[in-house]
Amino acid sequence: MNPTWYVTFEIRKSGTLLKQRSPRETRTFATEDEAKQFARGKFDEGLAVFAGTINPQLPRRLILASDIQAWLSDDRDSTSAPGLSQRE
């Protein structure tokens, strides 16, 4: 099965970088539930997390870092949650 969701999260700074940057890592998942489980773990660690669908998946979804908590707590139909971006 091809991945249809991605979760991007910040990587903790090790203090060895000379210039300040915001390193991130992205993982892909076959289902929204798998993506939510992974995102919940990173969110619980206190990391900035955002997620979305991988093109050409429709409807296109982008869950901003400011909306992640609502997305994670929504166990019903995630497309009806307020504040979630949906693009077609």
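About 6000 Å² of the protein chain is exposed, and carbon and sulfur atoms supply 48% of that surface. Buried residues account for 32% of the 88 residues in the chain. Please keep in mind while reading that this is a predicted model.

**Confidence**

The chain has a mean pLDDT of 82, with 73% of its residues at 70 or more. Over residues 76–85 the pLDDT falls below 50, although this stretch still has 18 contacts in the model beyond near neighbours in sequence.

**Overall layout**

The chain holds 2 helices and 5 strands. Their order along the sequence is β-β-α-β-β-α-β. Take the contacts between residues at least 6 apart in sequence: 54% of them join residues at least 24 apart.

**Strand E1 and its partners**

Strand E1 is a good place to start a tour. Of its 6 residues, 5 are buried, which leaves the strand mostly covered. E1 pairs with strand E2 (residues 24–29) in the antiparallel sense, over 6 bridges. E1 also runs antiparallel to E3, and here 5 bridges join the two strands. Phe9 takes part on both sides: Glu25 stands opposite Phe9 in E2, and Val49 is the bridge partner of Phe9 in E3.

**The nonpolar core**

In soluble globular proteins, nonpolar side chains tend to be buried together. Which members of the largest nonpolar core touch the most other members? They are Val7, Ile68 and Trp71, out of 14 residues in this core. The elements that give two or more residues to the core are strand E1 (5–10), helix H1 (32–44), strand E3 (49–53) and helix H2 (68–73).

**Aromatic pairs**

A pair of aromatic rings is described by the distance of the centres and the angle of the planes. Searching the whole structure gives 3 aromatic pairs. In one of them, the rings of Phe9 and Phe38 have planes at 65° and centres 5.5 Å apart, so this pair is edge-to-face. Phe9 belongs to strand E1 and Phe38 to helix H1, so that the pair links distant parts of the chain, 29 residues apart. Phe38 also pairs with Phe29, and here the arrangement is tilted, with 5.2 Å from centre to centre and 40° between the planes. Phe9, Phe29 and Phe38 together form one aromatic cluster.

Are the members of this cluster buried or exposed? Each of the three counts as buried because its relative accessibility is under the 20% cut-off. The table gives their values, along with those of two further residues discussed below.

| Residue | Relative accessibility | Class |
|---|---|---|
| Phe9 | 4% | buried |
| Phe29 | 13% | buried |
| Phe38 | 18% | buried |
| Trp5 | 6% | buried |
| Lys42 | 17% | buried |

**Two residues in detail**

Trp5 lies in strand E1. With a relative accessible area of 6%, Trp5 is buried. What surrounds Trp5, leaving aside its neighbours within four places in sequence? Trp5 is in contact with Arg27, Thr28, Phe29, Thr31, Glu32, Ala35, Gly52, Thr53, Ile54, Arg61, Ile63 and Trp71. Two names in that set have come up before: Phe29 is part of the aromatic cluster, and Trp71 is among the core residues that touch the most other members. Trp5 and Leu62 are 57 residues apart along the chain, and their C-alpha atoms are separated by 9.8 Å.

Lys42 is found in helix H1. Lys42 counts as buried because its relative accessibility is 17%, under the 20% cut-off. Once neighbours within four places in sequence are set aside, Lys42 is in contact with Phe9, Leu47 and Val49. Two of these, Phe9 and Val49, are the bridge partners in E1 and E3 described above.

**Cis peptide bonds**

Which loop holds Pro56? Pro56 sits in the loop between E3 and strand E4 (60–63). The peptide bond from Asn55 to Pro56 is cis, with omega near 10°. Pro59 has its place in the loop between E3 and E4 as well. Leu58 and Pro59 are joined by a cis peptide bond, with omega about -5°. If you plan to look at backbone geometry, these two bonds are ready to be found in the structure above.

Definitions and conventions:
Residues are numbered from 1 along each chain as its sequence is written. This is a predicted model: local features need pLDDT of at least 70, side-chain atom pairs count only at pLDDT 80 or more; totals for chains, interfaces and linings use all residues. Side-chain values use heavy atoms; hydrogens and water are left out. Helices (H or I, at least four residues) and strands (E, at least two) are DSSP runs, numbered from the N terminus. Buried means under 20% relative accessible area, exposed over 50%, partly exposed in between (1.4 Å probe, protein chains only). Contact means heavy atoms within 4.5 Å. Accessible areas come from the Shrake-Rupley method with a 1.4 Å probe; for residues, only the protein chains shown count as cover. A nonpolar core is a set of buried Ala, Val, Leu, Ile, Met, Phe, Trp, Tyr and Cys residues joined through side-chain atoms within 4.5 Å. Rings of Phe, Tyr and Trp (its six-membered ring) pair if their centres lie within 6.5 Å; planes under 30 degrees apart count as stacked, over 60 as edge-to-face and the rest as tilted. pLDDT is the predictor's confidence in each residue, from 0 to 100. Two strands pair if DSSP finds at least two bridges between them.
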